[in-house]
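Please open the structure in your viewer and keep the selection tool at hand. The tour below proceeds by stops, each with something to select and a description of what is found there.

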Amino acid sequence: MPVAHELSRAAAIVGAAESNEIGFTPERGLRITSLQHHIEAIKNVSDYTGIPISDIDGVFSAGWSSELAEHLGLRPSYIDTTSVGGCSFQIHVHHALAAIASGIIDIALVSHGEAGRSYRGGGGRGGGGRGEVSPAELATAAYGTFGAPSQYAHAMVRHMHAYGTTPEDFAHIAVVTRQWATLNPRAVMFSKETDPNGGPITVEMVQNGPMIAWPMTIAHCCMVCDHGGAVIVARPEIAMSLRTNPVWIAGAGESMGHSNMVEMADFTATSAARSSKTAYEMASMGPQDMDMAMIYDSFTITAAITAEMLGLAPRGRGHTLWKEGTAAPGGSLPINTNGGGLSFNHSGMYGMQLLVEAYRQLSQTAEDGVNGIEGKQTDSQTCIVNGTGGTLSTTGTLILEA
């Protein structure tokens with residue numbers, strides 16, 4: 001596919017930012033709308049890069065693009081409202097890369113704001129709030145699964161049956177991810193001061209927690225928080241002219257395996273195998289070339305299966321990256337260095353948080369509220385970023401390079 005190869009490094013992420021107040025904001029007496037999260041993050045990334053909002057000519061979001069353009073006073077040349085769950089933002093970057101490489105636009109904004117905790121159910125404009133239950137959801141519910149925890153629990157049980165894994169194996173993912181969170185003061189679970197359930201945890205603590213959907217206790221499941229994030233993607237000439245460090249989009253891919261989980265061919269395999277294959281080929285790289293990974297962790301099983309699909313671990317052995325310390329602080333393949341959806345923040349559609357952290361790590365500006373702290377900033381030069389949408393359904397994969 002020579003055309004796809006020509007897209008490699010044809011654009012760069014030149015900045016990333018978050019909204020001002022994130023996490024369990026209602027508990028702090030705040031109730032911030034999804035739109036406000038969008039606008040704050042966009043203002044912050046504009047200030048960070050020095051790119052005026054008026055220079056943005058492409059707007060990408062999960063259903064908000066026209067409304068954002070109106071609020072920002074923009075008349076964009078390219079509008080993308082792709083909304084396929086938590087991987088939408090990886091896919092937006094893919095589409096922005098193609099639009100920039102083809103000469104349609106020069107500067108793309110990818111934005112997300114979701115008041116997942118303040119306004120439960122509808123903040124993502126694509127994660128819920130349709131006002132009706134689809135026939136596919138009804139069909140799935142007929143088999144005893146309704147809602148994400150029960151569906152992902154099925155995937156974990158199948159993995160245990162097929163590969164002999166145990167809930168304790170997956171508990172290591174929660175423990176290591178919390179280790180990263182304790183290095184990030186913006187993480188909800190940074191400490192007991194930031195949340196009563198925060199601070200370090202053990203496998204025993206994970207396994208003895210409240211049961212949500214067998215075999216998953218609460219620490220196997222992501223949080224529901226508020227968050228806004230935005231990244232700016234620009235053509236190379238602009239990227240090289242800015243004061244910020246560019247992070248190059250070396251590869252990108254997207255795919256899907258099913259919509260209704262009843263139609264999932266294998267509960268232990270996702271379309272990330274295909275989307276990552278496309279991204280690796282575009283970048284002329286492979287799993288062995290990755291210094292770091294940002295992997296969607298709506299549940300511990302999501303991260304384990306995705307690691308296998310990305311070729312970072314053999315089938316049935318994804319959990320060992322965390323269990324053996326490879327993914328942990330000081331390990332050879334840091335994963336989810338912000339604390340992940342399990343312990344940093346998960347607003348409902350988590351793909352934006354993956355992008356922000358990947359940019360900060362590769363640009364050497366990993367955040368502790370200012371500029372990074374010992375133990376959190378890595379020296380990684382390459383990163384694979386994979387988002388998952390729906391119930392292990394749709395995936396978007398990026399290969400990013402410092």
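Begin by selecting Ser-111, a residue of strand β4. The model shown is a predicted one. Is Ser-111 buried or exposed? With a relative accessible area of 1%, Ser-111 falls under the 20% limit and is therefore buried. Display its side chain together with that of His-38: a polar contact of 2.7 Å joins the two. Now show what surrounds Ser-111. Leaving aside neighbours within four places in sequence, its contacts include Ile-42, Phe-60, Ser-61, Leu-68 and Phe-89. Also among them are Gly-229, Ala-230 and Met-352.

Next, extend the selection to the whole of strand β4, residues 107–115. The strand is mostly covered, with 9 of its 9 residues buried. In a regular strand, side chains alternate between the two faces of the sheet. Colour Ile-107, Leu-109, Ser-111, Gly-113 and Ala-115, which point one way from β4. Then give another colour to Ala-108, Val-110, His-112 and Glu-114, which point the other way. Both sets are buried.

Add strand β2, residues 58–60, to the view. Strands β2 and β4 pair in the parallel sense over 3 bridges. To locate one of these pairings, select Phe-60, whose bridge partner in β4 is Val-110.

Which strand is joined to β4 by 9 bridges? Select strand β7, residues 226–234, which runs antiparallel to β4. Two pairs can be picked out along this pairing: Ile-107 has Ala-234 as its bridge partner in β7, and Gly-113 has Gly-228.

Remain with β7 and bring in strand β1, residues 12–18. These two strands are antiparallel and are joined by 6 bridges. Ala-16 is a residue to select here, as its bridge partner in β7 is Val-231. Strand β7 itself is mostly covered, 9 of its 9 residues being buried. One side carries Asp-226, Gly-228, Ala-230, Ile-232 and Ala-234, while His-227, Gly-229, Val-231 and Val-233 lie on the other.

Now centre the view on Asp-226, which lies in β7. Asp-226 has a relative accessible area of 0% and is therefore buried. Its side chain forms a polar contact of 2.4 Å with the side chain of Thr-25. The side chain of Asp-226 also reaches the backbone nitrogen of Arg-117, at 2.8 Å. For a longer view, draw a line from the C-alpha atom of Asp-226 to that of Ser-54: the separation is 27 Å, across 172 residues along the chain.

From there, select Ile-53, placed in the loop between α2 and β2. Its C-alpha atom is 8.1 Å from that of Leu-74, a residue 21 positions away along the chain. Leaving aside neighbours within four places in sequence, Ile-53 is in contact with Ile-42, Lys-43, Ser-46, Leu-72 and Leu-74.

The last stop is helix α14, residues 351–362. What distance separates its end C-alpha atoms? They are 17 Å apart, which agrees with the 16 Å that 12 residues should span at 1.5 Å a residue. The helix is mostly covered, with 12 of its 12 residues buried; among them are Met-352, Glu-357, Tyr-359 and Arg-360. Met-352 also leads back to the start of the tour, being one of the contacts of Ser-111. Finally, select Gln-364, just after α14, where phi is positive at about 65 degrees.

Methods:
Residues are numbered from 1 along each chain as its sequence is written. This is a predicted model: local features need pLDDT of at least 70, side-chain atom pairs count only at pLDDT 80 or more; totals for chains, interfaces and linings use all residues. Side-chain values use heavy atoms; hydrogens and water are left out. Buried means under 20% relative accessible area, exposed over 50%, partly exposed in between (1.4 Å probe, protein chains only). Helices (H or I, at least four residues) and strands (E, at least two) are DSSP runs, numbered from the N terminus. Two strands pair if DSSP finds at least two bridges between them. The expected span of a helix is 1.5 Å times one less than its number of residues. A polar contact is a pair of N or O atoms within 3.5 Å; within protein, one must be able to donate a hydrogen and the other to accept it, and residues adjacent in sequence count only if both atoms are side-chain atoms. Contact means heavy atoms within 4.5 Å.
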